[in-house]
Amino acid sequence: MPDSIQEAVQRYYGTTLTSTADLRTSACCDASAVPAALQPLLARIHPDVLARYYGCGLVAPELLDGARVLDLGSGSGRDVYVLAQLVGAGGEVVGVDMTAEQLAVAESHRGWQAEQFGYANVRFLNGLIEQLELLDLEPASFDVVISNCVVNLSTDKLAVLKGVQRLLKPGGEFYFADVYADRRVSVALRDDPVLYGECLSGALYWNDFLRLARAAGFADPRLVNSRPLAITDAELAAKTGDLRFVSSTYRLFNIADLEDACEDHGQAVTYLGTVPGQPHALGLDAHHRIETGRLLPVGGNTFRMLQQSRYAPHFTFYGDFSRHFGLFPGCGDVTPVATIPAVLPDAAAAPPAVSAVSAVSPVSAVSAVPAASGPCCGA
Ligand SMILES: C[S@@+](CC[C@H](N)C(=O)[O-])C[C@H]1O[C@@H](n2cnc3c(N)ncnc32)[C@H](O)[C@@H]1O
């Protein structure tokens, strides 16, 4: 790239792109449908904010009422303004971004959005997500940190993850959507400003991401969902060749005593069905859909994620850590990457089922939503 990667990214999001329609791939454009429950929230967001949305997933976990939330790479503010409604008047959402043009759009509608909501609970900060410690943000003060298609653009992803870990409360979580590759991306591709700006060539090989997350103190990253990305622009597809990309959402709980694998202590949980909007079952991650009223044996890490987070009041917990029965069956064993089909499924075709395997690879769970280039995408 002619100048620094950060300058090139700033230019891409500041001036090259003027709206979602300018994107050349579906990487930084969420092709998945927004759930019905969130649609009224989106309807209260200013069209100028929506027009410059470049996210790749949905970053709205449950139980946000009253929460303090931080959005890394908040762009024009779409997710901040959705989350502002979910946290309510008693919560706060802070957005951080480095691109002046994107921040200006977000900031210029802050008063208008507050009028729509009936309260003001949002602020935006100009800064780098690799240097969160330089911003006016109290350590251990956020319940949830989110990010939507931004970490792949960072030139120091470990610094980002460490900064997030420092800002999360104990039991808080980093819940974020991002792009991953099925193998390491070559330096030559990383130097391509369009591929980088489109959130592709800065993407981590998914297993390297898991290593970085653990190095930053997140011992047990949990995959929530994953979908393949279509590189429908012929010029870009020719450059990326056999590389396959997915957009995946992970949740990283900030719980000190998580282990690097799920150990069996003979524990179990029962979901009470009390999380708003989830009366029948609660999805913790791609491998844990916890039905209401059913006793579910769980490994020690899952037990701790539920017991030491905001989910605790919604569960009954059985057992403790006094006995150990070995590795939890079907959990904690890293399976090899399943291959993403070279020809992506047709957008109109029915999505193949997500396999309930123990794999921690985002690539093995790509089938939740088929690849698509919706009207919002440039591809
Ligand atoms: C793909 S867009 C996503 C924007 C927003 N999350 C959304 O969903 O519309 C990437 C955003 O991240 C910002 N960004 C990229 N790298 C950054 C960094 N190192 N520090 C702060 N912001 C960054 C860019 O300025 C841009 O607004």
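A residue here is called buried if 20 or more other C-beta atoms lie within 10 Å of its own, exposed if 12 or fewer do, and partly exposed in between, with C-beta atoms placed from the backbone. By that rule Cys-199 is buried, because 29 other C-beta atoms lie within 10 Å.

The model is predicted, so local features need pLDDT of at least 70 and side-chain atom pairs count only at pLDDT 80 or more, while totals for chains, interfaces and linings use all residues. Residues are numbered from 1 along each chain as its sequence is written.

**The chain as a whole**

The protein chain has 12 helices and 13 strands, where helices (H or I, at least four residues) and strands (E, at least two) are DSSP runs numbered from the N terminus. Of its 379 residues, 49% are buried. Take the contacts (C-beta atoms, placed from the backbone, within 7 Å) with a separation of 6 or more: 77% of them join residues 24 or more positions apart.

**The core**

The largest nonpolar core holds 94 residues. A core of this kind is a set of buried Ala, Val, Leu, Ile, Met, Phe, Trp, Tyr and Cys residues joined through C-beta atoms within 7 Å. Val-69, Leu-83, Val-145, Val-179, Tyr-180, Ala-203 and Phe-245 are the members that touch the most others. Strand E5 (residues 168-181) is the top contributor, giving eight residues. The core lies between domain 1 (5-257 + 333-368) and domain 2 (267-318), because both give residues to it; the domain bounds come from an automatic or database domain assignment.

**Around the ligand**

What sits around the ligand? There are 25 residues in this shell, and Gly-55, Gly-73, Gly-75, Met-98 and Thr-99 come nearest. A residue is counted as near if its C-beta atom, placed from the backbone, lies within 6 Å of the molecule. By class, the shell has 12 nonpolar, nine polar and four charged residues. For that tally, Ala, Val, Leu, Ile, Met, Phe, Trp, Tyr, Cys and Pro are nonpolar, Asp, Glu, Lys and Arg are charged, and the others, Gly among them, are polar. Helix H1 (5-16) and helix H4 (78-87) each supply at least two residues of the shell, and H1 gives the most, with three.

**Three helices and what covers them**

H4 is mostly covered, with 10 of its 10 residues buried. Among them are Arg-78, Asp-79 and Gln-85, along with Val-80, Tyr-81 and Leu-83. Right after H4 comes Gly-88, which has a positive phi near 75°.

Helix H5 (residues 100-108) buries Gln-102, Leu-103 and Ala-106. They are on the same side of H5, because they cover an arc of only 95° around the axis; the arc is that of the directions from the helix axis to the C-beta atoms. The cover over these residues includes H1, helix H3 (47-51), H4, strand E2 (92-97) and strand E3 (122-126).

In helix H7 (residues 157-167), Lys-157, Val-160, Leu-161, Gly-163, Val-164 and Leu-167 are buried. Their arc around the axis is only 160°, so they too are on the same side of H7. They pack against strand E1 (68-72), strand E4 (142-148), E5, strand E6 (204-205) and helix H10 (206-215).

**Loops worth a look**

Most residues other than glycine have a negative phi. Cys-149, which is not a glycine, has a positive phi of about 70°. Cys-149 is in the loop between E4 and H7 and is buried, with 25 other C-beta atoms within 10 Å. Cys-199 also has a positive phi, near 70°, and its place is the loop between helix H9 (193-197) and E6.

Glu-198 lies in that loop between H9 and E6 as well, and counts as buried because it has 31 C-beta neighbours inside 10 Å. Two other loop residues, Ala-120 and Asp-191, are each partly exposed, with 14 other C-beta atoms within 10 Å. Ala-120 lies between helix H6 (110-117) and E3, whereas Asp-191 lies between helix H8 (187-190) and H9. The table pairs these three loop residues with partners elsewhere in the sequence, the distances running from C-alpha to C-alpha.

| Pair | Apart in sequence | Apart in space (C-alpha to C-alpha) |
|---|---|---|
| Ala-120 and Arg-110 | 10 residues | 8.1 Å |
| Glu-198 and Tyr-54 | 144 residues | 9.4 Å |
| Asp-191 and Ile-5 | 186 residues | 8.1 Å |

Methods:
Contact = placed C-beta atoms within 7 Å.
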